[in-house]
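Dear colleague,

I am passing on the structure below, and after it I set out what was found when its coordinates were examined. Please read the notes with the model open beside them.

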Amino acid sequence: MTIATSSPPILATEQRFVFPILMSWEQFKALDTLLEKTRSVRLAYLDGRVEMMTLSAEHETIKCLLALLLGLFFLEKDISFTPTGSATLEAEEKGTSKEPDLSYRFGEERRQKDSPDLAIEIVFTSGGLNVLEYYRRFKVSEVWFWEDGVFSLYHLQAGGYQQIEQSDLLPDLDLALLSQCLQMSEEKEALKFFRASIRN
């Protein structure tokens, strides 16, 4: 089978902006309410610092394709999961508000959990606030970043997040294969190729 990959890589049109002043929680929530109907803008809050990010069509394409690929993997491997998508992780007492691009809960008690086990960030524009710190405060077990066609994985330890080579939550998942499929130029073919590969 010939694998079609996109070349050159997808170009980003999204932007990140960190407000130069500190905001109270009340100010942040007022801004969030003001922008709540602007679907292409996402806000994050960490200890008074507010970050605003615009979302590109390319970003959303990768996010949706990744969700489909992971859904296939869960189905083929008979893994019970609950997708929690971009559900906001927010608590004034923790000083943080953040929406992951994708998130999932696993295990028998997954529907009773307050936070996801896995959060995934699709990165086209790096920089901004410390993303791992958001997730540490909600005790998210694993955080994945997909940037420039490569996954970087972090697992929560006692002293904070440590980078890992393979997912502890999904040890049978071939991340190189997953990344390869995310970069294919035809989404339907990517799904078919991924499904065939994990069935072998």
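To begin with a single residue in this predicted model, Ser179 touches Trp146, Gly149, Val150 and Phe151, where residues up to four places away in sequence are not counted. Ser179 lies in helix α4, and it is classed as buried because its relative accessible area is 6%, whereas the limit for that class is under 20%.

Helix α4, which covers residues 175-182, comes up again in connection with α5, since the buried residues of α5 pack against α4 and also against α2 (57-76). Those buried residues of α5 are Ala190, Phe193, Phe194 and Ile198. Seen down the helix axis, they fall within an arc of 120°, so they line one face of α5. On the other side of α5, Lys188 and Arg199 are exposed. At the start of this helix, a side-chain oxygen of Glu186 comes to within 3.2 Å of the backbone nitrogen of Lys188. The length of α5 can be checked as well: its 13 residues (187-199), at 1.5 Å a residue, should span 18 Å, and the C-alpha atoms at its ends are 18 Å apart, which agrees.

Helix α1 (residues 25-34) can be described in a similar way, with Trp25, Phe28 and Leu31 as its buried residues. These cover an arc of only 125° around the axis, which puts them on the same side of α1. The face turned away from that buried side carries Glu26 and Leu34, both of which are exposed. The cover over the buried residues of α1 includes the strands β2 (41-46), β3 (49-54), β5 (89-91) and β6 (96-98).

As for the protein as a whole, its secondary structure comes to five helices and eleven strands, and its C-alpha trace spans about 55 × 40 × 30 Å along the principal axes. A compact globule of 200 residues would have a radius of gyration near 16 Å, and the value of 17 Å found for the protein agrees with this. Of the 200 residues, 46% are buried, and among contacts with a separation of 6 or more, residues 24 or more positions apart account for 57%. The protein exposes about 10,800 Å², of which carbon and sulfur atoms supply 49%.

With best regards

Key: Residues numbered from 1 in each chain as written. Predicted model: local features only at pLDDT ≥ 70, side-chain atom pairs only at ≥ 80, totals over all residues. Heavy atoms only, no water. Helix = DSSP H or I, 4+ residues; strand = E, 2+ residues; numbered from the N terminus. Expected span 1.5 Å × (residues − 1). Buried < 20%, exposed > 50% of the residue type's maximum accessible area, 1.4 Å probe, protein only. Arc of directions from axis to C-beta. Contact = heavy atoms within 4.5 Å. Polar contact = N/O pair within 3.5 Å; in protein donor to acceptor, adjacent residues only side chain to side chain. Rg over C-alpha atoms; globule rule 2.2 N^0.38 Å. Areas by Shrake-Rupley, 256 points an atom, 1.4 Å probe, with all protein chains shown as cover.
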